[in-house]
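Colleague: Could you take me through the salt bridges in this model, one pair at a time? I would like to know where each partner sits and whether it is buried or exposed.

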There are 2 protein chains.
Amino acid sequence: MATNFDNYFKSAFTVDNVIFGFDEGDLKVLLIKRGEEPHIGEWALPGYFVRTDEDLDTAAQRVLSELTGLTNVYLEQVHTFGSVNRHDFGRVITISYFSLIKIANYTIQPSSIALQAQWHTVNDLQHLAFDHDAILEACLQRLKWLVKTRPVGFELLPPKFTLTELQHLYEAILRRDLDKRNFRKKILSMNLLVDCAETQEGVAHRPAKLYKFDRKRYNKLVAQGFNFELKESRLAHKKDLPEASMSHL
Amino acid sequence: MATNFDNYFKSAFTVDNVIFGFDEGDLKVLLIKRGEEPHIGEWALPGYFVRTDEDLDTAAQRVLSELTGLTNVYLEQVHTFGSVNRHDFGRVITISYFSLIKIANYTIQPSSIALQAQWHTVNDLQHLAFDHDAILEACLQRLKWLVKTRPVGFELLPPKFTLTELQHLYEAILRRDLDKRNFRKKILSMNLLVDCAETQEGVAHRPAKLYKFDRKRYNKLVAQGFNFELKESRLAHKKDLPEASMSHL
DNA sequence: GCAATTAGTGTAAAAAATGCACTAAGCCCC
DNA sequence: GGGGCTTAGTGCATTTTTTACACTAATTGC
C-alpha cells in the first residue's frame with residue numbers, strides 16, 4: 001500500500017491482548033512464553049503486528065482467534081503504549097486490548113504461538129516481558145471499572161452458573177470480599193438472571209440453583225440507557241480499603 | 001533511527017488533541033481550519049505527526065503548546081483510531097488526547113497552525129474533517145466520566161470562581177440541569193474549596209462569593225485513595241434522562 | 001426607593017446501603 | 001440410617017445518601 005507520507009514519520013504497530021478468563025475462583029490471564037529474542041523465555045501478552053491493510057480491532061480479533069479459536073467475544077481497546085524505548089529492536093507502538101472469554105470454550109490451537117500459551121492466575125504473576133506489566137495493570141483497572149458499570153460477568157462464566165460463582169468472580173475482579181445477602185439482593189434486583197430450574201450436581205453439599213444471563217433483556221436495557229452502576233461500596237461487606245471508608249463523598 | 005522491522009508493518013501515526021475550554025457558560029473546543037488537502041477548508045482537531053524519537057504524551061504536549069503556549073495542563077490519552085481508510089492519503093493511525101485549559105490563559109501563538117485556530121461551542125458544531133467527529137465524541141464521553149470521578153473543574157475555570165460558575169460548568173459537561181442547593185451541599189462537603197473572602201465585582205445583582213480550589217488538599221486526598229465519585233443522579237434536579245430514572249440499580 | 005436580578009440557605013421524605021445469624025439441603029462416612 | 005460436614009439460601013433494622021422544594025438577602029440601575 002502506497003502512502004504520501006515520508007518514512008520519517010512511520011512506526012511499527014502491534015496489538016497486545018490481555019485475555020481474561022475465570023477458573024477455580026481465580027481471575028486468569030493467557031500468556032505466551034517467548035521463544036525468541038528479545039526477552040526470550042519470559043512470559044508476555046499475546047500480540048502481533050497490525051497489517052497495514054487491517055483495522056486495529058480486526059487485528060486484535062485475529063490475535064485472539066489464532067490463539068484461542070474463539071470469535072465473537074467481548075473485546076475492548078484500552079490504551080496505547082508508545083514509549084520510544086519500550087521495544088529493544090526499534091520503535092514499536094502497541095495498542096492494548098482486553099477480552100473476556102469462557103475458559104471452558106477455549107481449545108488450544110495448532111498455531112506455533114498457541115502451543116506456548118498458558119493460563120496464569122493474575123494474583124501471582126512474575127514480571128512480564130517488555131512493558132507488559134503496565135499493560136496488564138491498565139487492563140485490570142479497566143475491567144474493574146467495567147464490572148462496576150455493566151454486568152459483564154457472564155462473558156467469563158459458563159452459560160449456567162450459581163450465584164456463589166458469580167460472587168466469587170466479582171470478588172476476584174474487585175479484590176474484596178462481598179456480603180452474600182447484599183450481593184444477591186443487588187444482582188437479582190437487576191432482573192437479568194433467569195432461574196434455570198436446575199441445580200448443581202456432584203457437589204458434596206447442598207446444591208445451588210443454576211442461573212443464566214438473559215442477554216436479550218440485557219441488550220434491551222442497555223439500548224434504553226440503563227445504567228448498571230455497582231459502586232464498589234454498594235456490595236461491600238467490610239470497609240477494608242481506605243477508599244471505601246471515605247466513599248460517602 | 002534504525003529498526004529491524006520490515007516496512008510492511010509500518011504506518012504513519014499522529015496525535016489529535018481535543019482541547020477543551022469553558023467560557024460564557026459553554027463548553028468549547030479549539031479547532032483548526034484546514035489550509036490544505038485533504039478536507040481543505042473544513043474544521044479539524046489540532047494534531048500532528050509524532051516524531052519517531054518522541055513519546056506519545058510528549059507529542060500531544062507539543063501540539064498543545066505550539067497552539068496555545070500552555071504547558072503543565074491536564075492532558076490524558078483517550079483512544080486510538082486506526083481504520084484503514086480514515087485518512088485519504090494513506091494509512092494514518094491517530095492517538096487521541098484531550099486537555100483542559102483555562103481560556104483566559106490562552107494566547108494565540110505565532111505558528112502558522114495557530115493562526116487558523118478558533119474556539120467553537122461544543123453544542124453547535126458542524127461536521128469535522130476526517131473521523132474527528134468520532135474522536136470528539138469519545139473525548140466528550142471521557143470528560144463526562146472524569147468530571148463525575150474527580151473534581152477537575154478547576155482546570156477549566158479561572159483561579160477564583162463562584163459556585164454558580166462551577167455549577168454551570170458541570171451542567172455544560174453533563175448536559176443536564178442540577179439543583180442549586182444539592183450541588184452546593186455536595187461540592188462543599190468535599191472540603192476542597194477555599195473561601196477567598198472576596199466577592200464578585202461589577203455585576204448588577206447580589207455579588208457572589210469567590211472560591212478557589214485547594215490543589216494541595218486535592219493532591220493529598222487523591223494520594224490517600226479518596227474517591228470523588230459524583231454520580232450523575234446525585235446532582236440531578238429533575239429526572240430528565242431515561243437512565244436517571246433507573247439509577248437505583 | 002423600588003424593580004430586577006442572582007446569591008444563598010434547611011428540612012423532610014424516600015431510596016439505597018449496610019451489617020448481621022440462622023435454617024435448609026445434600027453428601028459422606030461410620 | 002444417623003450424624004457431621006459443607007455450602008445454599010434467606011429478612012430485617014439501622015444508617016447513610018439522595019432527592020425535592022421556596023423563600024430571604026444583597027446589590028445595581030432606574
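Modeller: Happy to: here is a walk through the salt bridges, followed by a short look at their surroundings.

This is a predicted model, so to speak of a local feature I need pLDDT of at least 70, and side-chain atom pairs count only at pLDDT 80 or more, while totals for chains, interfaces and linings use all residues. Residues are numbered from 1 along each chain as its sequence is written, chains are lettered from A and ligands numbered from 1 in the order in which they are written, and side-chain values use heavy atoms, with hydrogens and water left out.

A salt bridge here is a side-chain nitrogen of Lys or Arg within 4 Å of a carboxyl oxygen of Asp or Glu. Over all chains, that rule gives 18 salt bridges.

Let us start in chain A. Lys209(A) pairs with Asp195(A) in a salt bridge, with 3.3 Å between the closest N and O atoms. Because Lys209(A) belongs to strand β9 (residues 209-213) and Asp195(A) to strand β8 (residues 193-199) of chain A, the pair ties together parts 14 residues apart in sequence. Helices (H or I, at least four residues) and strands (E, at least two) are DSSP runs, numbered from the N terminus. Lys209(A) is partly exposed at 45% relative accessibility, and Asp195(A) is partly exposed at 35%. For these words, buried means under 20% relative accessible area, exposed over 50%, and partly exposed in between (1.4 Å probe, protein chains only). Also in chain A, a network of salt bridges links Asp16(A), Arg86(A) and Asp131(A).

Now to chain B. Arg86(B) forms a salt bridge with Asp16(B), and their closest N and O atoms are 4.0 Å apart. Arg86(B) sits in the loop between β5 (74-81) and β6 (92-100) of chain B, and Asp16(B) in strand β1 (residues 10-23), so this pair ties together parts that are 70 residues apart in sequence. Arg86(B) counts as buried at 9% relative accessibility, and Asp16(B) is buried too, with a relative accessible area of 5%.

Another pair stays within one helix. Arg62(B) forms a salt bridge with Glu66(B), with the closest N and O atoms 3.9 Å apart. Both residues lie in helix α1 (residues 56-68) of chain B, four residues apart, or about one turn of the helix. Arg62(B) is buried at 12% relative accessibility, whereas Glu66(B) is partly exposed at 37%.

Arg62(B) also brings us to Glu54(B). Setting aside neighbours within four places in sequence, Glu54(B) is in contact (heavy atoms within 4.5 Å) with Val84(A), Arg91(A), Phe49(B), Ala59(B) and Arg62(B). Glu54(B) is found in the loop between β4 (47-49) and α1 of chain B and is buried, with a relative accessible area of 7%. From Glu54(B) to Leu64(B) there are 10 residues in sequence and 15 Å in space, C-alpha to C-alpha.

For the wider setting, chain A has six helices and nine strands. Of its 249 residues, 52% count as buried. Among contacts in chain A between residues at least 6 apart in sequence, 68% join residues at least 24 apart.
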